[in-house]
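Biologist: I have a two-chain model open and want to learn how to read it. Could you take me through it feature by feature?

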Amino acid sequence: MSDSAEHITSHLPTEEFVQLFTKAQRPLYLFILAQTGNVQSAEEILQETNLVIWAKMDQFRPNTSFSSWARQIATYEILKHRQRFRRDKLTFSDEFLSAVAGEMETQSTELELRREALQKCLEKLGSKDRELIQQRYRPGVNGKTLARKRGRPLNSVYQSLGRIRRSLLECVHRQLAAAEGGP
Amino acid sequence: MSSFSQRELLSLVEALCEETATPAEIARLEELVLSNLEARRLYVEAITLHGLLHWDAAGLGAETESAITQALTLPPQLATFRTSRHRESKPPIPFRRMRAFITGIAVLVILKLGFSYWNPGHPQLAQNPQKPLPTPSAMPHDTSDDAREVPDVHLPSGPRRNTLQSSLPGEVEPSIASMNPGAPVSTFELTSDDAVISRINELIESRWKAAGVTPSPRASDAEWVRRTYLDLVGRIPTVDEAESYFRDQRTDKQQRLVDDLLERREFARHLSTVWTNLLVGRARKSNIDRMALAEWLEDEFAADRPWKEIVTDLIAARGTPQESGPANYLLAHLNNEAVPATAITARIFLCEQLQCAQCHQHPIVKDWGQERFWELNAFFQQAKIQFRKITDAKTGKSRETRELVDVEQFGPSYYETLRGVMRVAYPRFAGVEIESASQESDLPLRERLAELLFAESQPQAARAFVNRTWAQLMGYGFTFPVDDMGPHNPVSHPELLEDLTAAFVQSGYDVRRLIRWICLSEPYQLSSGMPRQNPHRRPPEEGELPLFASMAVKNFSPEQLYDSLRIASGDSPRILGLRGTERQREEWLRLFYSANENEENSESSTFDGSISQALIMMNGDLVNQALSLREENSLGRIVSASGLSEAERIRAISLVALSRYPTQEEQNQLRDLLRRSIRQRVTEEGMPTQVALAEGLRDIFWAYLNSSEFTLIR
């Protein structure tokens, strides 16, 4: 069967490609999310983008930026997706997309720092807040289902979530500022 | 640059995150973001926070990234990936299978569409046309001692034709050579293999013409290569083997493949499997060494031993289960005064249902009285099972073992007639009676029997083997059932049966050559799809004799299923012949079979399309192994192969499981299904795309393996 394996897998990705691809997943997802505002559509678009990336693997030139190559593909997929759902979903304008995409690119270098800072900030949360936010972000859960599960009024859950996210945002901000000014 | 309220912007982002934003709020958000650089930055920070929390499940899935890396570089870990990200929410495995099951059903429907397109003919042919196991006697064992009262006799469920009924004389001659009264004694001379093949074609085709039937078109390459591998080596072809056959442009490629397969050790192994099952069944019995018998048979078939000699060894063998492979046949059946040995010998080697005659006078064939059964039984009265102490080579300890021997002192068979009178039967076969064998000849009775089985110029033992082999390859024998060749049962092609028997005898009972003739004959080349314009014919089960105008659809045997699943999962054919694999296969078969100790030593099976077979298929370890994504597995390779489109991956799966490419329609539907399942997994279960793709392909492969087409030989 080893011969047939070669037949089926005639285009094995290089290890480098696999690593680049893997590392790009989270930034790419965030890049798409910022332009759709919806986690589900973002995952859908990411999936379509990934399929195109795999299919066009041969077109990627080593030693060029994988991220910007992938972002180009994603941008196209976002437009395609928006076209498909224009009628029934809230969508952003072209200007908004390009402005946000530009800003994402600027911020992309500090994304990893931001992620690490967020981990620390989550640990700093009070246990009740941390539990609430973790429950909120379990797969398949949103504010509505969380309120139902906890038996709390929807508005008060939204308020709590908003408060926690704001404090996380401020905490991440402080962490980044400290890191820049730190040793 | 206009100023803006942080608070306002963040509350708009909140609405976006919780999917409660109104069009007006979206418009306001756009306005802020586009008009103010600070707002733009804050928006990106806030939405990124939301995204990070979502992607990493708020810190619960921090190790995601390393898991993806592992998953992608090391395909074996793909399967375990979900545990890291979804430790909390991972559905239990039955649920996952349930999911797969739902997708699978959809795929099965698609495959079924494809299949009925291929096979517009007789869906009922998909029922098991073979009769691989001993079935209970067609006649009840009536011990009534009132002979004038005719017992409630059911004829064996063979088809009956008026023409043949009328050709049956009231008295049937006792000679076995006249078993097929409609058939002339064959004068066929074996000059060459081609002569036999042309003779088959001529006699089969003339019946098509007479019946006004158009034969099916020739089988496609895909149909034929899969059929031939399954029939000759007992498994599906590997992707390599199938594709190299597709690529072969030579006009004699069928012949080349048949010759290639017949030379392989796998052929001997497959034939050994078929005959081991016939001889001692599949259920494991502690008193014999089934493997020793199978290994002996494999060696004999591999060495091209003539069928006559193999039968002689089986009937005359002596020794212990371990030391003497062929002895296991009678060691398994000498219980109950050798009644099972008698019935099974008649049924296996002669295709005669003599067990009925044990207690009944045959209603049509006067010759088949009780004495016929007991005269055959008398040949086994000299054989006994003794216990002998042997020293175990490994442990050095002595233990008792059974041993098949021929004793000096023995008697004839005694039986009770229908009138309740005790009668004696001396060994008698083919018109030769051995009055007092112990004095007349030094040869043990069983060796005499083996001689007599092949004593006539055209012995029934040869005819029976031809009929069995034809049925094994063509789905139906010349009689239905294949092992009921009594004079009461019509033969579909009497002349052909006689000519093939003559050729087989003249070849020196050459098993390979017989199989080669059949595999290269015209009817074996035909597709299993029936042309629509043909007059409707009922299947042999319903009493109409086969014309072999299209290939019958055969079910997999359990062994074919096991071996094919191993091949589909990516194992090399070489692995199948290893002792360890044989043992694993035996273990697996035990899931389906249990033995009955009765007069025919029959056994019960759940390998019959029952619920339990379905469950073992759907959830069994064997199928789960095939579905594993280890990189040496077929599925693992298809999943981890990069640069393949979804359509190409689906093609690859179809080729692995069915040795054919999917039809365009199947392909389209499967691709849509795959896309939907990926989307669902990614959006509802939060699964990364690559894992969702792997899971989706796994569902499709699962469905392929569980489709009816997978377990059919077409």
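Modeller: We go from whole chains to single elements. Keep in mind that this is a predicted model.

Biologist: Start with chain A. How many helices and strands does chain A have?

Modeller: Chain A has nine helices and zero strands. Along the sequence that reads α-α-α-α-α-α-α-α-α. Of its 183 residues, 38% count as buried.

Biologist: And what does the secondary structure of chain B come to?

Modeller: Chain B has 32 helices and 10 strands. It has 714 residues, and 49% of them are buried.

Biologist: How do I read contact range? What share of the contacts joins residues at least 24 apart in chain B?

Modeller: Take the contacts between residues at least 6 apart, then ask how many of those span at least 24. In chain B the share is 71%. In chain A, 66% of the contacts with a separation of 6 or more come from residues 24 or more positions apart.

Biologist: Now the interface. How many residues of each chain are in contact?

Modeller: 62 residues of chain A touch 59 residues of chain B. Several helices of chain A supply at least two residues each, including α1 (2–8), α3 (39–55) and α9 (154–181).

Biologist: Which helix gives the most to the side of chain A that touches chain B?

Modeller: α2(A), with 10 residues. By class, that side of chain A has 30 nonpolar, 19 polar and 13 charged residues.

Biologist: On to strands. How do β1 and β2 of chain B run?

Modeller: To read a pairing, look at the direction, then the bridges, then the turn. Strand β1 (residues 383–391) of chain B and strand β2 (residues 398–406) of chain B run antiparallel, joined by nine bridges. B:Arg388 stands opposite B:Thr401. The hairpin has six residues between the strands, and B:Gly396 has a positive phi near 80 degrees.

Biologist: Which faces do the side chains of β3(B) point to?

Modeller: General idea: in a regular strand the side chains alternate between the two faces of the sheet. Here is the case. In strand β3 (residues 413–416) of chain B, B:Ser413 and B:Tyr415 point to one face and are buried. B:Tyr414 and B:Glu416 point to the other face and are not buried.

Biologist: What does β3(B) pair with?

Modeller: Strand β4 (residues 422–425) of chain B, antiparallel, through four bridges. B:Tyr415 stands opposite B:Arg423. Five residues lie between the two strands of this hairpin, and B:Gly420 in the turn has a positive phi of about 90 degrees.

Biologist: Next, burial. Why does B:Val274 count as buried?

Modeller: Count the C-beta neighbours. B:Val274 counts as buried because it has 20 of them inside 10 Å. The residue lies in helix α12 (residues 265–280) of chain B. For a link across the sequence, take B:Glu559: it is 285 residues away from B:Val274 in sequence, but 9.0 Å away C-alpha to C-alpha.

Biologist: How many residues of α16(B) are buried?

Modeller: Helix α16 (residues 335–349) of chain B has 12 of its 15 residues buried, so to read it as mostly covered fits. Among them are B:Pro340, B:Ile344, B:Arg347 and B:Phe349. The cover includes α12, α14 (307–316) and α20 of chain B. Just after the helix, B:Cys351 takes a positive phi of about 55 degrees.

Biologist: Last topic: helix packing. At what angle do α20(B) and α21(B) cross?

Modeller: Read the axis distance and the angle together. Helix α20 (residues 460–474) of chain B and helix α21 (residues 494–506) of chain B cross at roughly 110 degrees, with axes that come within 9 Å. That makes the two helices roughly perpendicular. The crossing of α20(B) and α21(B) is right-handed.

Biologist: Which residues make the contact?

Modeller: B:Ala462, B:Arg463, B:Val466 and B:Asn467 come from α20(B). From α21(B) come B:Leu497, B:Leu500, B:Thr501, B:Phe504 and B:Val505. They divide into six nonpolar, two polar and one charged.

Biologist: And how do α31(B) and α32(B) pack?

Modeller: Helix α31 (residues 664–684) of chain B and helix α32 (residues 689–706) of chain B have axes 9 Å apart, at an angle of about 135 degrees. They are therefore oblique to each other. This crossing is right-handed. Residues that meet include B:Leu670 and B:Leu674 in α31(B), and B:Leu693 and B:Ile700 in α32(B). The contact has seven nonpolar, three polar and three charged residues.

Terms used
Residues are numbered from 1 along each chain as its sequence is written. Chains are lettered from A and ligands numbered from 1 in the order in which they are written. This is a predicted model: local features need pLDDT of at least 70, side-chain atom pairs count only at pLDDT 80 or more; totals for chains, interfaces and linings use all residues. Two residues are in contact if their C-beta atoms, placed from the backbone, lie within 7 Å. Two strands pair if DSSP finds at least two bridges between them. Axes are lines fitted to C-alpha atoms, for helices over the stretch in contact, and angles run from 0 to 180 degrees between N-to-C directions. Angles under 35 degrees count as roughly parallel, over 145 as roughly antiparallel, 65 to 115 as roughly perpendicular and the rest as oblique. A crossing is left-handed if the near helix is turned anticlockwise from the far one by less than a right angle, and right-handed if clockwise. Ala, Val, Leu, Ile, Met, Phe, Trp, Tyr, Cys and Pro count as nonpolar, Asp, Glu, Lys and Arg as charged, and the others, Gly among them, as polar.
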